[in-house]
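Good morning, and thank you for joining this group meeting. Please take a moment to look at the sequence and the structure before I begin.

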Protein chains: 2
Amino acid sequence: MTKEKYALGIDIGGTKICYGIVDASGNIISDVKKTPTPKTVQEIKDTLKNIIDENYDKIDVVGLSSAGAVNLENTRVLSSTPNLPAGYNSIDFSTLSDKKVYVENDANCAVMAEYKNGAAKGFRTVLMITIGTGIGGGVVSEGKLFRGSRGNALEVGSMKIFADKRQKCTCGRYDCWESYASGTGLRNCAIYGAKNYDEFKTSIFKDKSPDDLTTYDITDGVEKNDAFCKRVFNQWIYYMFVGLVSLTDIFNPDCIVISGGMCRFIDVEQMEKDINKETVVTDVKVKIAQTENRAGMIGAGVLALEQI
Amino acid sequence: MTKEKYALGIDIGGTKICYGIVDASGNIISDVKKTPTPKTVQEIKDTLKNIIDENYDKIDVVGLSSAGAVNLENTRVLSSTPNLPAGYNSIDFSTLSDKKVYVENDANCAVMAEYKNGAAKGFRTVLMITIGTGIGGGVVSEGKLFRGSRGNALEVGSMKIFADKRQKCTCGRYDCWESYASGTGLRNCAIYGAKNYDEFKTSIFKDKSPDDLTTYDITDGVEKNDAFCKRVFNQWIYYMFVGLVSLTDIFNPDCIVISGGMCRFIDVEQMEKDINKETVVTDVKVKIAQTENRAGMIGAGVLALEQI
């Protein structure tokens, strides 16, 4: 019998670094510890080295979860990561230990965590959609993370849901799904609605300038049964639905897992019914993510264990 | 050294059945033969049995390429296949021989053929888009066909490129990519244009009723430098571009292969430039398919060899 192998899973966030020891099934078998994310590249490297040293004898491999696009060798973060110090991209994570160190994008870690030990456990093809300020995604099918040719796949927030240059996205391009269906998208729906819907005239927010409306004005207003906010919110849900149906037809998932700050506003049972009524492929379950703030640690650990 | 294994690749088309012996690299190492597709299920079964018997001693496995969605076990075709006889779905292909018989959807066979021995040879992640009356797709990444949870993935023709129920598709749903960017889509663009573009008044087709315009009126008119046809065609190309950019952001392919009856009208070099200017992921090559009418045979053979 082969001895079970363990990974140190480390989630490098903008404000804190969380870590714990993970097995191949995605169980955390140690305490979860955290430390503030240092402000300089050198301090980040030193902190990671100390965390690895502290656990060295108990682990076979190290998995890191990080914001940003990762290189094909899973040793560096390539793209800009606004919440981490300048020069973060210069770190070659493989040099931090003589054990193998594997870094993966946080959205990819999250979908693997949900597949192994979260809402999507036991499903074959899992599409995870993270809805916050923007929209991110990840896919695991038949146990394997879909990475694309350079590890950049699942930039689903950039999928265009109009083809007539209707609304400019913060990225400078037009009609990205995330400019309609993210948290920012809900605000965009509110601004559009304030200028175009009669319901705004009698809304609790009628004295606000349209451009001052916020995402949470709308979700608060829905709770207060405000007709304007409900119309804006329903439009936002429809944009969410349009993207999710397209992705269902494209990936034929048997499970969609939704996560991120906006996911609590989505009625997943209703969304599941609506998607299954519209899709041309087989039915899908829609669920809320379960691994939450442990997703990065678990996913990075599981993915690192697959490398050895 | 292991003896090389061979598959009998059989492409079951609506009018003819083509077959040949294929190696794991996607080379056809025999003559390619063809026979008309019989009109009844019993005759199709008998014909396939005879073809297998004829090659029995030279092969290790049988691969079939067929229109329609295929079950997870790759033994049956599940969905309707209008060009094949009623009852075709009742055939359990695994019973046709004591050698393993593997059936796969024709679009999936085609992308595997292009990856192994066609335009996408040597690339890591290949997205194939077939543009005919509708739009179909397939993805191979890191050598593996992406099938989704039930083998239905890559229904890219159903991706929505508008989110305001603008145009009804022949499928009964709204705003499917194929209702804008397929051969049928070009005709839809023509009908819309005839009713909305001033250029129609001076077009060579100005005396036609908009609803009588055809796909090939427009492509002929473009060759004759007709301003109306050029505007319609450019709109169609833009719809094509919008879908291809979204799919590039979603799959991060390093190669897109375009095939089907409409592909000769697309300037792939220009499309490649336009996609790479717009995509948020790494650059992609856009190429025309090379395996053509041998795609089904090659892909089915290669995929069958992977099963043994």
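I begin with a sheet in chain B of what is a predicted model. The sheet is open and has 5 strands, ordered 3-2-1-4-5, with mixed pairing. At its edges stand strand 3 (33–36) and strand 5 (100–105) of chain B; each has a single partner strand, so one side of each is left without a neighbour in the sheet. From one strand to the next, the twist averages 20°.

Let us look at one pair of strands. Strand 1, residues 7–12 of chain B, and strand 4, residues 61–66 of chain B, run in the parallel sense and pair over 6 bridges. As an example, B:G9 has B:G63 in strand 4 of chain B as its bridge partner.

Which strands does helix 1 of chain B touch as it packs on the sheet? Helix 1, residues 41–55 of chain B, touches strand 1, strand 2 (16–22), strand 3 and strand 4 of chain B. The direction of helix 1 makes about 155° with that of strand 1 of chain B. Helix 2, residues 106–117 of chain B, also packs on the sheet, where it touches strand 4 and strand 5 of chain B. Its direction makes about 95° with that of strand 5 of chain B.

I now turn to chain A and its domains. Domain 1 of chain A covers 6–115 + 293–305, and domain 2 covers 122–289. Taken over C-alpha atoms, the centres of these two domains of chain A are separated by 29 Å. Their contact takes 13 residues from domain 1 of chain A and 16 residues from domain 2 of chain A. On the domain 1 side, the elements giving two or more residues are helix 2 (106–117) and helix 8 (295–305) of chain A. Helix 2 of chain A provides the largest share of that side, 7 residues. By type, the residues on the domain 1 side divide into 10 nonpolar, 2 polar and 1 charged.

One residue of chain A deserves a closer look. A:G26 lies in the loop between strand 2 (16–23) and strand 3 (33–36) of chain A. Is A:G26 buried or exposed? A residue is buried if 20 or more other C-beta atoms lie within 10 Å of its own; A:G26 has 24 C-beta neighbours inside 10 Å and therefore counts as buried. Leaving aside neighbours within four places in sequence, A:G26 is in contact with A:A113, A:K116, A:N117, A:I298 and A:V302. The C-alpha atoms of A:G26 and A:M297 are separated by 9.2 Å, although these residues are 271 residues apart along the chain.

Finally, I come to the relation between the chains. A turn of 180° and a shift of 0.0 Å along the axis lay chain A on chain B with an RMSD of 0.0 Å. That is the relation of a two-fold axis. Which residue of chain A comes closest to the rotation axis? It is A:F162, at 2.1 Å for its C-alpha.

In the interface, 33 residues of chain A are in contact with 34 residues of chain B. On the side of chain A that touches chain B, helix 6 (residues 227–251) of chain A gives the most, with 7 residues. That side of chain A divides into 16 nonpolar, 9 polar and 8 charged residues. Of the interface residues of chain A, 100% are also interface residues in chain B, so the copies meet through the same surface.

How values were computed: Residues numbered from 1 in each chain as written. Chains lettered and ligands numbered in written order. Predicted model: local features only at pLDDT ≥ 70, side-chain atom pairs only at ≥ 80, totals over all residues. Least-squares fit on C-alpha atoms with pLDDT ≥ 70 in both. Contact = placed C-beta atoms within 7 Å. Helix = DSSP H or I, 4+ residues; strand = E, 2+ residues; numbered from the N terminus. Nonpolar A, V, L, I, M, F, W, Y, C, P; charged D, E, K, R; others polar. Domains from an automatic or database assignment. Pairing = 2+ DSSP bridges. Axes fitted to C-alpha atoms, helices over the stretch in contact; angles between N-to-C directions. Buried ≥ 20, exposed ≤ 12 C-beta atoms within 10 Å, placed from the backbone.
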